[in-house]
Amino acid sequence: MASNVLVWIEQEDGQADPIAWQAMAAASKVAGDLDGSLTAVVFGDQVADIARQAIEAGADRVYTTEDASLVRYRVEPYAKLLARILENEPPSVILAGASTAGLELTAYVAALTDAGLAPDCTDLHIEGDQLVAVRPALVGNLVSRVKFTGTGHRIITVRRNVFQPAYGDESRTGEAVDIPAEQAEDEIPTRVESVETADGKVSLTEASIIVSGGRGVGGPEGFQPVRELADALGGALGASRAAVDAGWIPYVHQVGQTGKTVQPDLYIACGISGAIQHLAGMKNARVIVAINKDADVPLYKYAHYGIAGDLFSYLPAIVEEVRKRLGR
Amino acid sequence: MLSPIEKILFAIVAVVSLYLASVTFRRMIRIITRGQGRLSWDRPAGRLMTGIKAVVSQNNMIRNRPFVSLAHTAIAWGFILYVAVNLIDVLEGMVPGFVFPGENAAGRIYRLLVDLMTAAVLAGMVVLLIRRFIVKSRTLDVAPQVKLHPGAVDGIKRDSLIVGFFILGHVGFRLLGASFDIAIHGPDPWQPVAALAAGLLADLEPSFQTAGLHASWWIAVGLVLAFLPWFPYSKHAHLFMGPFNLMTSPDRNSPGAMDALDFEDESIEQFGAGRITDLNRTHITDAFACIMCNRCQDACPAYATGKELSPAALEVNKRYHLRDHMKSLATGGGDEEPLLTYAISESALWACTTCGACTEACPVGNEPMFDILSMRQNQVLMESAFPNELKGAFTGIERNGNPWQMAGDRMEWTEALDFKVPTVAENPDYDVLLWVGCAGAFDPGARDTARAIATVMHRSGIDFAVLGNDESCTGDLARRAGNEYLFSMAAEGNIETLNAAGADRKRIVTGCPHCLHTLKNEYGALGGRYEVMHHTQLIADLRNDGRIAVNGEEGTRATYHDPCYLGRHGGEYEAPREALAAAGPNLVEMARSRNRSFCCGAGGAQVWKEEEEGREAVSDNRFREARETGADTLAVGCPFCARMMNDANKRAGEPMRVRDIAEIVAESMQE
Amino acid sequence: MNIIALVKQTPDTAQLSAAMDGMRLSAEGGPRIVNPWDEYTLETAIQTREEHGGKVTALCLGPPEAADALKTALAMGVDEAILVSDPVMADSDCLTSARILVAAIRRIGAFDLIVGGRAAIDGNTAATAVQIAALLGVPLVSYVADLKSLDPSARTITAVRLLERARETVTSRLPALITVVKEINEPRYPSLIGIRKAARASIPVWKCEDLGLDASAVGAGASKVAWQAELPPIREANVEMIDGGPEDAARILVDRLIEEKVI
């Protein structure tokens, strides 16, 4: 049975977040599978470019709402607007990227529209005539297969970098629909006071990717390639106690028994031998990569992937590869 | 000798002095009884002997700082004699014609003894005054980062000066009196020192001589009467309170064995010490016994590395607080201020490694380490205010049975062995239970040690077993970190496991001195009594019985670091050295070894937190000393010493080889 | 200030080891703890009460054993704890859970602040607290890393939100619902006095009828999604050593990490 698909295009300052095109790719696939039309939804202030890009990326139609109050994502005005749009749509599939904003917006909208919700999915496919969303649970130790049981909207967010982004086709055309904003500024209960960019300052405890350096980096300057890899992956920078004790990097970066206990999806340990004090802080990471000159360090026993080599020649190569493959 | 008016006057002065002294001494006793628990006074004869021995032998002092202690010994012995001398002098003054013990041989010996001892006291006192006020020995200072009562620096000097002049005055005028006596009654070859001055006095008017004799008597005896009520306000109360403290201190299974808290009694609402009256009576007595000699400070690894901790300052601060609030504390008030505001800083509280060097060094039996442990209990159990890093270790013990929160298999370390290590379930008739410890089970470095111990036992034909996944942290770190509640839960669980495994009827061997100390000396109070030995003790026994043959490489040089919980707290210094010697290397001792061993910096839960702010890491200080021996191997007997020394070794560019004795022995057993 | 702290009990993922699979851990009887983020929830709620006075009520939806999580909350210092537990509520999805919790919040009465964690470590939907805010119609401030100011008389709250690439300072009206991230504070370790108080406290258990909910409005039947948990493909027990020069190794490693869906 045919079902239309809507995809929310996340943007900031008139620039779409790359995750939006990944969600668009997932949405195209689902629209194809379900034989439905694909509608992009763009909210913001002066986002005509993004609306056009959405059509080029595969949307049959774009709903655009431009208003000064929407210049920056806030949950109430965005969710109420999206919920009103959905009220006028037949039961559809709604997709968004599983960014902090995407997760929040979709949950809020699901509550307002009594929809089913499958957040942070890594795979979407059709089983029989049912849409199945696959998502990791329990820090990646379980795989949860979600099926929608109701008759209403089905809302899905997709994990970053799982779907290859949809490429633009400038010859595509589509319908553009302008939709008025739902809330006036004085009806919105929150006000953004200031925004500080946090480039390269990802919080260790919340990071899903951490790249750490240990005694093997040899000195404060040895952290440079480690930091570059963390930045390339959008991850946080960590360190072992040995590196912190040596004064190469501040204590706030320390991972381990007497530092932070972390549980990221990916932990890359560079020049860290794996003393128990360090293992205690990171052993529950979903995937552990150890890069060490020494082919016989205890950490390999806990790691999933190992590279026995000089981190100063391997890390730049990895940084390069990551930039190439993830388009950053 | 005295005139009737003098006699009446003396009686009045004596009564007033004794009355005032009774007031001040009673205050001191009341303050002590405001503390918790009781002073120990079982087997009084034995305890009395302890006190007498300590006073007479002066051994507690002489073993540290021998030269200064010699001066102290002169004064101490002199004053023991002077107790009798003063009583005799009073009697001679009050009873006409009484001379002790008469003009006979005994009298001559008595006079000679007093004369010489008087000179010794004067000489000793001059030495001590020169040391404090002219040489200004730096061991008497307290570093500026340490919290110290604002009045203490000047107070201690004033106190010392007053006592110095009291002693010089008291003993000096007693001597002068003897000189006048000689000048009046003629020469006495049995008082050679007094005779020196007598020559100068011989030409004086007889009436002047008599006046001098009386004045000397009054000053000598009067100073004692004047000083008596002041004692409880002076550090010189140590004269009585030092021996008293030694005699009433608790019997502990080891110098570090802590008392269990009662968690069953719901009416108890204070755990640990937040205020001074929460301390045990014996630890309030400590403050009165302290003479502020700083021997504990000299021995303290935290102080030596520039931390805010000085055990001496802790006792000084307690004492000055008591002195400031003597009256109100004696009458039920005065304890509103938390100890952490005046006795010790928070950083100092958490800098203690519980190495026991302070209690070992103290001549009067003070236990500053226990004050710290009680205060930590208050911080954890009452205030929940402690270094955040410890939370992970506590949670690990609670949830995973090990402080690293490792979820893995406690038998994984055996996988690399070429023989099977059986669990108790697989080998219920074992002879020896190997207690692996969390480090042995999980720490990659300590696993090597655990494998070496198992190898030695296996090759020696010992029928042993391990508890496997039934083993759990003994709780030592929780206890030293103040989390007595978690310790008691850990202990209960382990005692149940051990008894179910029949370990109470077998021998337990462990590679971890912390486990050893807890199992052997602390579980008993909770109902678990076990025969426990360290692996080096087992190895030494095996070697002495000829059950292991080692053919270690000779000619290598090794130094041995005594772990605090095997040495000072466990009393074992020889076995590890025998075990090491058996394996070949020549032993080169560090300057600080055996009971003076310097901590590695791990104990007292330090390894589970960041080291407190200071000049250097305790481990670096110790490692430097090991390196200075010129040995190529640093032998250890504790997984935590191994960790600390390994890290210090790496920081120094790995100039040494850090190995557990078990590993050195196991290696030397190979063909 | 009337503060409500939302608490969930979850499996203890720190107990996971090679020898223990996720199914066993998530199954009944596995070791269970307060959801790691909710320790920060509780600390935030307690600190706010310490500063502004009032009362903290911890609210938890879960099986009867979830009362243990509330014991921890009481030991940490919340004033009251309420467990919402009814067998018919099992397998509720996050929206249905949010509706149940909203009914419980309405029964608790007036509130100034609701605090929740960023997510629960088991389901990791990060949705329930958001949906509670939506259903209650109160302002939502999520991912709070720093509670900069709270003015009970002006009825405003200013907080720093930790986003992927920015820190955003937001002011909101009260009452509001906030969700917190781990950067916000260091959760306290319960004192023994707290543990004792918690042991003596009784925790009321609210069922459907206490909340005026029909059994058909809760549980799997009322939910819009159903899910089935499976173990992920078994991975090699040993480390896979990647050989080759820097370029080759980098390519292989990035391939693997993309396959693992971690980058």
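## Reading the contacts, chain by chain

Trainee: Where do I start, and which residue stands opposite V144(C) in β8(C)?

Mentor: Bear in mind that this is a predicted model. V144(C) has R161(C) opposite, in strand β8(C). The two strands involved, β7(C) and β8 (residues 156-162) of chain C, pair in the antiparallel sense, with six bridges between them.

Trainee: How many residues lie between β7(C) and β8(C) in their hairpin?

Mentor: Four residues separate the two strands of this hairpin, and R155(C) in the turn has a positive phi of about 55 degrees. For the side chains along a strand, the general idea is that they alternate between the two faces of the sheet when the strand is regular.

Trainee: Does a strand have to stop at one partner? Which sense, parallel or antiparallel, does β7 of chain C take with β10 of chain C?

Mentor: Parallel: three bridges join β7 (residues 140-151) to β10 (residues 176-180), both in chain C. You can find this pairing by looking at V141(C), whose bridge partner in β10(C) is I178(C).

Trainee: What about strands from two chains? How many bridges join β10 of chain A to β12 of chain C?

Mentor: Six bridges join them, and the strands run antiparallel; β10 covers residues 142-148 of chain A and β12 covers residues 225-230 of chain C. A good pair to click on is F148(A) with its bridge partner V225(C) in β12(C).

Trainee: How do I read the whole interface around that? How many residues does each of chain A and chain C bring to the contact?

Mentor: Chain A brings 79 residues and chain C brings 79 residues. Together they bury about 7000 Å², with carbon and sulfur atoms giving 56% of that area. On the chain A side, L138(A), E206(A) and Y305(A) supply 10% of the area buried against chain C, more than any other three residues.

Trainee: And the charged and polar links? How many salt bridges are there between chain A and chain C?

Mentor: Nine salt bridges are counted between these chains. One of them pairs K224(C) with D114(A), with the closest N and O atoms 3.4 Å apart. The cut-off for a salt bridge is 4 Å, so that pair qualifies. There are also 36 residue pairs in polar contact between chain A and chain C, both residues being at pLDDT 80 or more. By class, the side of chain A that touches chain C has 38 nonpolar, 20 polar and 21 charged residues.

Trainee: Now chain B. How many residues of chain B are in contact with chain A?

Mentor: In chain B, 22 residues are in contact with 16 residues of chain A. The buried area here is about 1500 Å², and carbon and sulfur atoms give 53% of it. One salt bridge is counted between chain B and chain A, and E610(B) with R241(A) form a salt bridge at 3.6 Å, N to O. Five residue pairs are in polar contact across this interface, both at pLDDT 80 or more. Helices α19 (390-400), α21 (444-459) and α28 (639-651) of chain B each supply at least two residues of the side that touches chain A. The largest share, four residues, comes from α28(B). That side of chain B has nine nonpolar, two polar and eleven charged residues.

Trainee: Can I read an interface inside one chain in this way? What domains are assigned to chain B?

Mentor: The assignment gives domain 1 (4-33 + 64-233), domain 2 (276-383), domain 3 (390-543) and domain 4 (550-669). Take domain 2 and domain 4 of chain B, whose C-alpha centres lie 29 Å apart. Their contact takes 19 residues from domain 2 and 21 residues from domain 4. They bury about 1500 Å² between them, 54% of it on carbon and sulfur atoms. T305(B), K307(B) and T353(B) supply 31% of the area that domain 2 buries against domain 4, more than any other three residues.

Trainee: Which residue forms a salt bridge with K307(B)?

Mentor: E611(B) does, with the closest N and O atoms 2.9 Å apart. One salt bridge is found across the interface of domain 2 and domain 4 of chain B.

Trainee: Finally, where do K29(A) and D33(A) lie?

Mentor: Both are in helix α1 (residues 18-34) of chain A, four residues apart, about one turn of the helix. Their side chains meet in a salt bridge at 3.8 Å, N to O. Over all chains, a search of the whole structure finds 75 salt bridges.

Definitions and conventions: Residues are numbered from 1 along each chain as its sequence is written. Chains are lettered from A and ligands numbered from 1 in the order in which they are written. This is a predicted model: local features need pLDDT of at least 70, side-chain atom pairs count only at pLDDT 80 or more; totals for chains, interfaces and linings use all residues. Side-chain values use heavy atoms; hydrogens and water are left out. Contact means heavy atoms within 4.5 Å. Buried area is the accessible area (1.4 Å probe) that two parts lose on being put together, summed over both. A polar contact is a pair of N or O atoms within 3.5 Å; within protein, one must be able to donate a hydrogen and the other to accept it, and residues adjacent in sequence count only if both atoms are side-chain atoms. Ala, Val, Leu, Ile, Met, Phe, Trp, Tyr, Cys and Pro count as nonpolar, Asp, Glu, Lys and Arg as charged, and the others, Gly among them, as polar. Two strands pair if DSSP finds at least two bridges between them. Domain bounds come from an automatic or database domain assignment.
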